[in-house]
Amino acid sequence: HATDRALDGLLEHAAETKAALSLQRGIFGGVGSKLQQLSAVAPQINALLGRISRKRSRDKTILGVVMGCCLSLLVLYKLQIG
């Protein structure tokens, strides 16, 4: 069915996005440890790291809410069709 193909495409796209985000997390994780070493040298860097951490936390929350809404809508759509 067309809806099944569309759902499969959406899930495939989500998996690709997850893989890309995991790669980015690995890259930025290494950068983060080096920045923490520098934070001992300069207090301004420590303040910057705090702001980055808060932004990352906020971004994760927003992404989680968006993903939850999309998944909920997908389930409601599937229940409506099926």
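**Exercise 1.** In this predicted model, work out which side chain meets Asp59 and Lys55 in turn, starting from their own salt bridge at 3.0 Å, N to O, and find the network they belong to.

*Solution.* Start with the pair itself: the side chains of Asp59 and Lys55 form a salt bridge. Both sit in helix H2, four residues apart, about one turn of the helix. Next, look at Arg58: it bridges to Asp59, with the closest N and O atoms 3.6 Å apart, which is inside the 4 Å limit. Shared partners then join Lys55, Arg58 and Asp59 into one network. As for exposure, Asp59 is partly exposed at 33%, and so is Arg58 at 47%.

**Exercise 2.** Find what the salt bridge between Lys78 and Asp4 ties together.

*Solution.* Check the contact: the two side chains meet at 2.7 Å, N to O. Now place the ends: Lys78 is in helix H2 and Asp4 in helix H1, so the bridge links parts 74 residues apart in sequence. Lys78 is partly exposed, at 38% relative accessible area. The full count is three salt bridges.

**Exercise 3.** Explain why Cys69 and Cys70 aren't bonded to each other.

*Solution.* Take the sulfur of Cys69: its closest cysteine sulfur, in Cys70, is 7.0 Å off, so that's too far for a bond. A disulfide needs the sulfurs within 2.5 Å. Searching the whole structure turns up zero disulfides.

**Exercise 4.** Name the residues of the positive surface patch, and the helices behind it.

*Solution.* The patch is Lys18, Arg25, Arg56 and Lys60. Helix H1 (2-39) and helix H2 (43-81) each give two or more residues. Arg56, for one, lies in helix H2 and is partly exposed at 45% relative accessibility.

Note on methods:
Residues numbered from 1 in each chain as written. Predicted model: local features only at pLDDT ≥ 70, side-chain atom pairs only at ≥ 80, totals over all residues. Heavy atoms only, no water. Patch = residues over 30% accessible without salt bridge, like charges linked within 9 Å, V, L, I, M, F, W, Y side chains within 5 Å. Areas by Shrake-Rupley, 256 points an atom, 1.4 Å probe, with all protein chains shown as cover. Lys, Arg positive; Asp, Glu negative; His and termini not counted. Charge placed at Lys NZ, Arg CZ, Asp CG, Glu CD. Buried < 20%, exposed > 50% of the residue type's maximum accessible area, 1.4 Å probe, protein only.
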